[in-house]
Amino acid sequence: MEVSSDAEGSSDFTRDFSIEDIDMSLTRCGLLPERAEELARLYQEHGTWKQVEEVWFGERIANRSTRDSSQGIYSVLTSRFKQAPSGLPRPGDLPVVLDMCSTSRDKAQVLYPYLVADDALMQYVVYSYSNRFSTGSSDSVDFSNESLMGILDGFEQVGGAPLDYADSTLQRWCEGFRSVMRKIGVIESEQSVTGSPPMIGKVPLLVAVGYSYDDSDDDWFRSPTGLQYLFQPDSRWNEFYDRAAETDAWRFVELHGSLRLRPEEDPYSWIEAEVDE
C-alpha cells in the first residue's frame with residue numbers, strides 16, 4: 001500500500017558531527033549480541049546497573065585477564081543501553097524482544113541500533129553508506145578497507161578536524177565495522193567485503209519502524225531512521241510499512257487525504273502484549 005501519494009523517500013540522512021564525539025570503542029567491543037543479551041537479562045532480573053555490575057564481575061573475579069577484558073566490554077555495552085534513544089525498547093524489555101526473534105541475525109538487527117545511536121563514528125559511516133544504498137542503483141556496496149578509509153578521510157569535512165588515529169587503529173576499526181555488517185546480514189560471508197540490504201524479520205522490523213516513528217515528526221515515513229540504519233533503499237519502504245500493518249501493532253490511518261502508518265497504541269505495546277500472554 002502506498003503510504004502517501006507524495007511520500008517519495010528522502011536520502012537526506014544526516015546529523016551534526018564533532019571530533020569530540022569520536023572514539024575507537026568499536027576496535028575493542030563489536031556488536032557482541034550474546035554478551036549484550038546477557039547484560040540485558042541481568043538488568044531485567046536485578047533492575048539496577050549497580051547490581052548488574054556486581055554480578056557481571058563477580059562471575060569473572062577469579063580470572064584476572066577475563067576481568068580486565070570484561071571491563072572494557074561492560075563499559076561499552078552498558079553505555080549503549082544507558083544512552084539508548086527513547087525510541088528503542090527499554091533495556092529491561094529487551095529479553096522479551098530477543099526471545100521473540102527467530103534467528104541470530106534477527107537478534108543482531110535488534111541490538112544494532114543501540115550501537116549506532118551510541119557511536120558517533122559508526123553513525124557517520126552508516127549515514128554515508130545509507131545514502132549510497134538509498135537510490136537502489138547498485139545490488140552491492142563495497143565495504144573494503146579502501147572504501148571505508150575513504151569515508152573516514154572525509155570526516156574532517158563534517159567534523160571540523162581529521163581523525164587523529166594511526167592507520168593500524170583505523171584499519172582495526174574497519175574490521176570491526178565489517179564484523180557488525182556480517183552479524184546483521186549485510187555482508188554474507190567472512191571472505192566477502194561487499195554487502196547488500198539484508199532481509200529483515202518481523203521483530204527487527206517492528207523495532208526499526210518503532211524507532212523511526214519516535215525519531216522524527218509526522219513525516220517520519222519519508223526518512224525512516226531504523227530502515228536506513230539497515231540500508232534499505234527507499235523503493236522498498238512501502239513494502240516494510242505494509243508488513244508492519246499486517247501485524248497487530250500497526251495500522252494505516254487516513255490523515256489529510258493520505259495514508260499514514262500509526263501504532264495501534266504506542267510503538268512498543270506489542271512487547272507488553274507478549275508479556276501478558
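# A first look at a helix-rich chain

Trp56 is buried, and so is its ring partner Tyr74. These two residues make a handy doorway into this model, which is a predicted one. The protein chain contains 13 helices and 4 strands. Of its 277 residues, 50% count as buried. Among contacts in the chain with a separation of 6 or more, 69% are accounted for by residues 24 or more positions apart.

**Aromatic pairs**

- A good place to start is with the rings, since the structure holds 21 aromatic pairs.
- One of them joins Trp56 and Tyr74 in a tilted arrangement, with 6.0 Å from centre to centre and 40° between the planes.
- Trp56 belongs to helix H2 (residues 49–58) and Tyr74 to helix H3 (residues 64–82), so this pair ties together parts that are 18 residues apart in sequence.
- Trp220 and Trp250 also pair: their ring centres are 6.1 Å apart and their planes meet at 50°, so this pair is tilted.
- This second pair links distant parts of the chain, 30 residues apart: Trp220 sits in the loop between helix H10 (202–215) and helix H11 (225–229), while Trp250 is in strand E3 (residues 250–255).
- Trp220 counts as buried because its relative accessibility is 1%, and Trp250 is buried with a relative accessible area of 1%.
- Ring pairs also gather Tyr129, Phe133, Phe143, Trp173, Phe177 and Phe231 into a cluster.
- Tyr129 has a charged visitor too: the charged end of Arg132 sits over its ring, 5.0 Å from the centre.

**The nonpolar core**

- The largest nonpolar core has 83 residues, and the members that touch the most others are Tyr112, Met122, Phe177 and Met181.
- Helix H6 (residues 120–134) supplies the largest share of this core, with 9 residues.
- What does Tyr112 touch, leaving aside residues up to four places away in sequence? Its contacts are Leu31, Met122, Val126, Val180, Met181, Ile184, Tyr229, Leu230 and Phe231.
- Phe177 is thus worth finding twice, as a member of the ring cluster and as one of the core residues touching the most other members.

**Helix H5**

- H5 has 15 residues and spans 22 Å from its first C-alpha to its last, close to the 21 Å expected at 1.5 Å a residue.
- Look for a kink of about 30° at Leu111, shortly before the proline Pro113.
- H5 is mostly covered, with 11 of its 15 residues buried.
- The buried residues include Leu111, Tyr112 and Pro113, along with Asp106 and Gln109.

**Helix H9**

- Running over residues 167–183, H9 has 17 residues and reaches 25 Å from its first C-alpha to its last, close to the 24 Å expected at 1.5 Å a residue.
- Its buried residues include Trp173, Phe177, Val180 and Met181, and also Arg178 and Arg182.
- Which helices do the buried residues of H9 pack against? They pack against helix H5 (104–118), H6 and helix H7 (145–153).
- Two of the contacts of Tyr112 bring the two helices into one view: Tyr112 is a buried residue of H5, and it touches Val180 and Met181, which are among the buried residues of H9.
- Just after H9, Gly185 takes a positive phi of about 90°.

Note on methods: Residues are numbered from 1 along each chain as its sequence is written. This is a predicted model: local features need pLDDT of at least 70, side-chain atom pairs count only at pLDDT 80 or more; totals for chains, interfaces and linings use all residues. Side-chain values use heavy atoms; hydrogens and water are left out. A nonpolar core is a set of buried Ala, Val, Leu, Ile, Met, Phe, Trp, Tyr and Cys residues joined through side-chain atoms within 4.5 Å. Buried means under 20% relative accessible area, exposed over 50%, partly exposed in between (1.4 Å probe, protein chains only). Contact means heavy atoms within 4.5 Å. The expected span of a helix is 1.5 Å times one less than its number of residues. Rings of Phe, Tyr and Trp (its six-membered ring) pair if their centres lie within 6.5 Å; planes under 30 degrees apart count as stacked, over 60 as edge-to-face and the rest as tilted. A charge sits over a ring if NZ of Lys or CZ of Arg is within 6 Å of the ring centre and within 35 degrees of the ring normal. The bend at a residue is the angle between axes fitted to the seven residues ending there and the seven starting there.
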